Amino acid sequence: MELKEFGEYVSRASGGAKIIVVSNREPVVHERIADGVQAIRPASGMVTALEPIVRGPGGTWVAHGSGSADRLVTDAKGRIRLPENNPAYTLRRIWLTRKEEDGYYYGLSNQALWPLCHIVYKRPQFSRSEWEIYQCVNNRFRDAVLEEAEGGPAIVFIQDYHLALLPRLLKTARPDLTLVQFWHIPWPNKEAFRIFPWGEELLDGLLGNDLLGFHIQYHCNNFLDTVDRGIEARVDYEHFRVYRGGRPTYVRPFPISVDFRQIGEDGESPRVLKRRESFLKELGEGILETTIYAGVDRIDYTKGIPERLKGFDLMLREHPELRSQVSFLQLAAPSRTHIGAYREINDELEDLVDEINWRHQTEDWIPVRFLRAHHDYYAVLAAYRMCRVLLVTSLHDGMNLVAKEFISSRTDGDGVLILSQYTGAARELTDALQVNPFDLDQRADVMYEAFQMGEAERRQRMERMRAQVERNTVFEWGLKVLDELEKIIPLRTKPDGGGSDDDAALDLRFRRNPFAYCA
Ligand code: F6P
């Protein structure tokens, strides 16, 4: 399915209900620059995935207005029509004070929930005042969504761990709203979750949803176990749903993906060639004579960037004959730099790159090229297409869309993907060379294996991975969410314990007129 067709499907399926997407990150950020205002699309797979859902039926996207010029381009309510050259939906921005952003985004979301859910041995930090601010900001989102949903039925599609309390707040205020949430990061096991001091409130918040999605079944199972242990509710393992206060929340896996066709098309565009020229100007044409290994990441301790550099270093130490034959190109986007752990990893990476280059470099060859900047979409595509081997070595990752973008961009059918076994993507991309990112020797061995892999094998593996991503694009992801909603919504008001006997009959009634419950 393609973008246009998907947009039309969403319009039809919503059957008059307004579609409201809610996330922390906004789809477009307006920044002040020397000669005016620049609109920037954040490098986020989430934006690509959700835009068609809100765009098709002309819905509303509610998000935190984080850009320095965001207020300049919106109306008094914080609204702006997007895309600016061809308006199709409304962005409603929420304004947060510095204190709110610190407590809710940098604090509770990214220093407590982020490390708690990723379990990468970074200790979460809990602060009661940040929890209070998180509650307060979730209430701010509630007010904005209620305003946007006023006067009619609406399907509210909430994103991620920044807004765990929002579903309950909305359900209490407007029980008729249809609420779906997608949790873009892993859900930890119950033992890891139990240290979260406000676990019951957080789970209660999430159980305000009608449907709650994770990338993979394993995270759904972890969630059900956590609920079973942590809060008064009935967990129906057979149907993967939880009853709390007589209402069910259905829990389902929806592996997110990318727009395969569009990425392939954009990868061949002149803008990508231009970015490639810029890279070659900066790095020197000599890099093309080497086998290029590449990484594309936000600088985040979950992404395993030092681990892959250390693997590359070990490969060079074990195979000194590779000197001058290989290079490592890392595009690294600064992220969440107000947080100490993120500043520390920046320093660590700088030292590590210096050390590796000092150890191996020759007069006319630098092994590691570390480009620390926000690289735009076309530059990222240029890097994907320049390299022989792409490394995704996350220590833990819900899905990881870099892996799927790389595959989509390789219309030439060549290239090797080294992929951490602890990403959601590893379940689907079995033709990648999978690694345990915590195992240094294995990382070095697998990098060497990639170097030695012959063209025929590279092409076979790439062909199978491309077929897999082509069959399961971001539009299939959206369709699966909507299809599931269509199935479960008729069942959501059934009393506790019900729902299993005549699901099919109820289903049938609503299948004839999807989303009729909204009318
Ligand atoms: O994957 C989780 C996530 O929060 C996404 O929702 C988001 O696009 C990405 O990480 C980037 O994070 P941030 O919005 O904090 O820059």
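**Exercise 1. How many of the 10 residues of helix α13 are buried?**

Before the solution, note that this is a predicted model, in which local features need pLDDT of at least 70, side-chain atom pairs count only at pLDDT 80 or more, and totals for chains, interfaces and linings use all residues. Residues are numbered from 1 along each chain as its sequence is written, and side-chain values use heavy atoms, with hydrogens and water left out.

Step one is to fix the terms: buried means under 20% relative accessible area, exposed over 50%, and partly exposed in between, with a 1.4 Å probe and protein chains only. Helices (H or I, at least four residues) and strands (E, at least two) are DSSP runs, numbered from the N terminus.

Step two gives the count: eight of the 10 residues of α13, which spans residues 377-386, are buried, so the helix is largely enclosed by the rest of the structure. The buried residues are Tyr378, Ala379, Val380, Leu381, Ala382, Ala383, Tyr384 and Met386.

Step three asks what provides the cover, and the elements include β13 (291-298), β14 (326-333) and α14 (401-409). Valine 296, which has its place in strand β13, is in contact (heavy atoms within 4.5 Å) with Val380 and Tyr384, among others, when neighbours within four places in sequence are left aside. Valine 296 itself counts as buried, because its relative accessibility is 9%.

**Exercise 2. Describe the surroundings of the ligand, and then examine aspartate 160.**

Step one is to list the shell, where a residue is near the ligand if one of its heavy atoms lies within 4 Å. The residues around the ligand are Arg25, Ser44, Met46, Tyr105, Trp114, Asp160, Tyr161, His162, Ile185, Arg298 and Arg336.

Step two turns to individual distances from polar side-chain atoms to oxygen atoms of the ligand: 2.4 Å for tyrosine 105, 2.6 Å for aspartate 160 and 2.9 Å for arginine 336. Taken alone, the ligand exposes 380 Å², of which the protein buries 82%, with accessible areas from the Shrake-Rupley method and a 1.4 Å probe.

Step three looks at aspartate 160, found in the loop between β7 (154-159) and α5 (166-173). Aspartate 160 is buried, because its relative accessible area is 9%, and its phi is positive at about 75° although it is not a glycine. Most residues other than glycine have a negative phi, and most peptide bonds are trans.

**Exercise 3. Find another positive phi and a cis peptide bond.**

Step one leads to the loop between α3 (98-118) and α4 (128-149), where isoleucine 119 has its place. Isoleucine 119 has a phi near 45°, a positive value in a residue other than glycine, and it is partly exposed, with a relative accessible area of 31%.

Step two leads to the bond from leucine 82 to proline 83, which is cis with omega near -15°. Proline 83 lies in the loop between β5 (79-82) and β6 (89-94).

**Exercise 4. Decide where the model calls for caution.**

Step one is to consider pLDDT, the predictor's confidence in each residue, from 0 to 100. The chain averages a pLDDT of 93, and 94% of the residues score at least 70.

Step two is to locate the stretch of residues 493-519, over which pLDDT stays under 50 and for which the model has 44 contacts beyond four places in sequence. Where pLDDT is low, the predicted coordinates should not be read in detail.

Note on methods: Polar contact = N/O pair within 3.5 Å; in protein donor to acceptor, adjacent residues only side chain to side chain.
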